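Me: I have a structure open and would like to go through some of the words used to describe it. Please give the reason behind each one.

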Amino acid sequence: MTRNIADIRRDYEGGRLEESMVPAEPMVLFDEWLTLALDSEGEDGNVMTLATVDSQGLPHARIVLLKGSDERGLVFYTNYHSHKGSELANVPHAALVFWWPTLGRQVRVEGRVELVAEEESDAYFDSRPRASQLGAWVATQSVVIPDRHWIEERQHRFEQAYEGQDIPRPVHWGGYRVVPDMIEFWQGQPSRLHDRIRYEYRDESWRSFRLAP
């Protein structure tokens, strides 16, 4: 490496995030920020980091895609037999992080995790491109495999098996919903004096407050 990463710095310039500006419900503000992010970040606007813990309490994180959000929570889809699926089966809580560099914004979400209804998973699966539908059958996610050829052979077999047919959703594939009990909004500001507004769900209602940078 020829560049000293300790010298890499960015000064943030963003609009202020004031207490008087934030709504009572955090998902209202999240939807506003997400809409802007989808414009500014393009196809990466719905990218998020998902963090889970295993049965020993060890953390694991990876990038997934947000595929739905409303007052109930935030939805993503995956293989239930994957590492993250196994971790969520043991510890049904997760953290999400969105980072939108063009806007200089970050959102953190924490909460319990539940499976979405089968009808909802079916509807999303039916909306996917055929190649992605096949991929859900081909990829035995997180299982050790011998080489790339193994995947290509398996793909060929499933292409033949479903030729001329609709592809059903695998029972081992579907959606999870993160039901938030904490959402924090971070807006970058000059001199590292960033704005942070945190919402916490307590006693069946949301409360918000400012955190020091």
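**Helix 1 and helix 2**

Reply: In this predicted model, helix 1 has the buried residues Pro26, Met27, Leu29, Phe30, Trp33, Leu34 and Ala37.

Me: What makes these residues of helix 1 lie on the same side?

Reply: They cover an arc of only 150° around the axis, and therefore they sit on the same side of helix 1. In general, an α-helix has 3.6 residues a turn, so residues three or four places apart point the same way.

Me: How do you know that the reach of helix 1 is close to the expected one?

Reply: Helix 1 runs over residues 26–40, which is 15 residues. The expected span is 1.5 Å times one less than the number of residues. For helix 1 that gives 21 Å, and the reach from the first C-alpha to the last is 21 Å.

Me: Which residue just after helix 1 takes a positive phi?

Reply: Gly42 does, with a phi of about 65°.

Me: Why are the buried residues of helix 2 said to be on the same side?

Reply: The buried residues of helix 2 (83–90) are Lys84, Gly85, Glu87 and Leu88. Because their arc around the axis is only 165°, they are on the same side of helix 2. On the other side, Ala89 and Asn90 are exposed, a word that requires over 50% relative accessible area.

Me: What covers the buried residues of helix 2?

Reply: The cover includes strand 1 (47–53), strand 2 (59–65), strand 4 (73–79), strand 5 (93–100), strand 6 (105–115) and strand 7 (173–187).

How values were computed
Residues numbered from 1 in each chain as written. Predicted model: local features only at pLDDT ≥ 70, side-chain atom pairs only at ≥ 80, totals over all residues. Heavy atoms only, no water. Buried < 20%, exposed > 50% of the residue type's maximum accessible area, 1.4 Å probe, protein only. Helix = DSSP H or I, 4+ residues; strand = E, 2+ residues; numbered from the N terminus. Arc of directions from axis to C-beta. Contact = heavy atoms within 4.5 Å.
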